Amino acid sequence: MHADLSRPVVVLGSTGSIGTQALDVVAANPGRFRVVALAAGGGRVDLLAEQAARFGAEAVAVADAEAVPALKDALAARGAHPEVLSGADGVAEAATRAPGEGEGEPLVLNGITGALGLTSTLAALSAGRTLALANKESLIIGGPLVKRLARQGQILPVDSEHSALQQSLWACGPGGYDPESVRKLVVTASGGPFRGRSRAELADVTPEMALAHPTWSMGPVITINSATLVNKGLEVIEAHLLFDIGFDRIDVVVHPQSIIHSMVEYVDGSTIAQASPPDMRLPIALALGHPHRVPGAAPAVDWTTAHTWTFEPLDDAAFPSVALARHVGTEGGTAPAVYNAANEVCVEAFMRGELPFLAIVDTVAAVVEEHRPGPADSVEEVLAADAWARRRAGELTGVA
């Protein structure tokens with residue numbers, strides 16, 4: 001796509017943190033992007049209708065079919081009349097919307113939270129769409145399925161860490177990077193709100209405390225995952241799948257300022273890092289505009305003031321979730337799906353006040369220990385493992 005042509009865009013999860021920021025990027029660049037379709041869970045139909053009317057979406061989907069009547073009323077009140085789709089199939093259909101005559105292939109931004117994003121990821125890839133992937137869970141739980149469908153360069157990472165890794169790998173030149181020239185990927189972590197605490201000091205953590213992230217403003221599930229560092233464990237698996245680098249060559253380092261978003265260390269001793277203030281609009285814009293950069297997407301580092309950036313090793317004793325993620329990633333098959341599903345159940349229980357903070361990862365580890373990984377070569381196999389893990393996590397926590 002040339003920089004002067006309008007790119008058709010589909011935003012899945014448009015009412016969430018990633019989706020709303022993606023639409024901020026679209027709004028700030030009139031004529032550069034055209035919103036073809038929007039999709040959301042159904043809990044914020046007024047916002048979804050407002051977005052559809054503002055951006056002139058041709059189709060709007062809600063995962064919760066019961067939200068359709070309210071959505072239609074909200075759309076009508078704003079004078080908007082897009083096609084309304086519903087259910088998981090409706091969201092997947094939105095991901096495959098055809099472009100207008102003379103337009104290029106739409107880019108699909110998948111910002112849906114959790115395992116629910118898998119069917120949409122597969123639908124977008126099957127339709128040949130370029131996929132801007134913020135829904136890391138769909139790649140992690142459906143790794144073999146997603147990898148089999150995706151052609152080279154079809155998936156553009158939206159996570160700030162993986163966007164940083166991709167940009168650092170681009171330093172090899174336009175011909176792409178040679179994996180053998182990479183010594184390791186270094187994924188940075190802010191450390192969350194409990195950086196520096198021992199395991200014993202985490203015993204009395206409340207949801208309110210866990211939701212107070214020091215540098216990023218994100219949705220509640222991702223914020224809790226950042227507090228337990230499960231999110232960092234998922235990112236290690238994602239980096240392995242995106243860049244075909246072994247787990248033994250992916251490190252995690254704690255960087256509380258969240259300015260260096262990740263780094264690539266090369267075999268000659270050079271380390272290339274991507275730096276910018278914490279703002280998700282930058283990696284979102286990079287994916288939306290690929291292969292071109294979007295001017296003014298986010299503020300840059302102010303080099304006229306003094307900065308101190310620090311890096312610390314990860315405390316695996318206090319935060320065992322990353323080591324556990326390496327284990328399930330190495331096992332492969334359905335193991336990552338079980339890790340993710342059990343965690344989603346435990347996070348929900350924690351946010352309801354029904355599970356202690358430390359029990360989140362402890363329970364995930366117990367479920368992973370019981371599981372015997374099988375192949376993840378079909379959606380049915382992945383969803384069966386997901387369902388088993390959710391049921392077992394509920395039984396172990398007493399919240400089933």
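1. Start with Ser-226. This serine is buried, with a relative accessible area of 11%. The model is predicted, and the burial value is computed from it. Since buried means under 20% relative accessible area, 11% falls in that class.

2. Where does Ser-226 lie? The residue sits in helix α10, which covers residues 220-228. Leaving out residues up to four places away in sequence, Ser-226 touches Gly-192, His-213, Met-218 and Asn-231. Two of these names return in the next point: His-213 and Asn-231.

3. An unreviewed UniProt entry lists a "binding site". Its positions are Lys-136, Ser-160, Glu-161, Ser-190, His-213, Ser-226, Asn-231, Lys-232 and Glu-235. The label comes from that record.

4. Ser-160 is another of the listed positions. Helix α8, residues 160-169, holds this serine. Ser-160 is buried, at a relative accessible area of 8%. With residues up to four places away in sequence set aside, its contacts are Trp-216, His-261, Met-280 and Pro-283. Pro-283 belongs to α12 and is itself buried. That helix comes up again in point 8.

5. Now the sheet. Five strands form an open sheet, ordered β11-β10-β8-β9-β12, with mixed pairing. At the edges are β11 (271-275) and β12 (312-313), each paired on one side only.

6. Look at β9, residues 250-254. How many of its residues are buried? Four of the five are, and the strand is mostly covered. With β8, the pairing of β9 is parallel and spans five bridges. Val-187 has Val-252 of β9 as its bridge partner. With β12, β9 runs antiparallel, joined by two bridges. There, Val-253 stands opposite Pro-313, and Val-254 has Glu-312 as its bridge partner.

7. A helix covers part of this sheet. Helix α11, residues 230-243, lies across β8 (182-189) and β9. Its direction makes an angle of about 150° with β8. For a reader tracing the listed site, Asn-231, Lys-232 and Glu-235 are among the UniProt positions, and the residue range of α11 takes them in.

8. Next, a helix pair. The axes of α1 (residues 17-27) and α12 (residues 281-289) come within 9 Å and cross at roughly 65°. The crossing is right-handed. On the α1 side, Ile-18, Gln-21, Ala-22, Val-25 and Val-26 make the contact. On the α12 side, Arg-281, Ile-284, Ala-285 and Leu-288 do. By class, these contact residues are seven nonpolar, one polar and one charged.

9. Why is α12 described as largely enclosed by the rest of the structure? Because eight of its nine residues are buried. The buried ones are Leu-282, Pro-283, Ile-284, Ala-285, Leu-286, Ala-287, Leu-288 and Gly-289. Ile-284, Ala-285 and Leu-288 also take part in the contact with α1.

10. Last, Val-399. This residue is in the segment after α16 (379-397). Is Val-399 buried or partly exposed? Its relative accessibility is 22%, so it counts as partly exposed. The cut-off for buried is under 20%. Neighbours within four places in sequence aside, Val-399 contacts Ala-349, Arg-352, Glu-354 and Gly-394. Val-345 is 54 residues from Val-399 in sequence, with 9.0 Å between their C-alpha atoms.

Definitions and conventions: Residues are numbered from 1 along each chain as its sequence is written. This is a predicted model: local features need pLDDT of at least 70, side-chain atom pairs count only at pLDDT 80 or more; totals for chains, interfaces and linings use all residues. Side-chain values use heavy atoms; hydrogens and water are left out. UniProt positions are given in the numbering used here, feature names are shortened, and annotations may be inferred rather than shown by experiment. Buried means under 20% relative accessible area, exposed over 50%, partly exposed in between (1.4 Å probe, protein chains only). Contact means heavy atoms within 4.5 Å. Two strands pair if DSSP finds at least two bridges between them. Axes are lines fitted to C-alpha atoms, for helices over the stretch in contact, and angles run from 0 to 180 degrees between N-to-C directions. A crossing is left-handed if the near helix is turned anticlockwise from the far one by less than a right angle, and right-handed if clockwise. Ala, Val, Leu, Ile, Met, Phe, Trp, Tyr, Cys and Pro count as nonpolar, Asp, Glu, Lys and Arg as charged, and the others, Gly among them, as polar.
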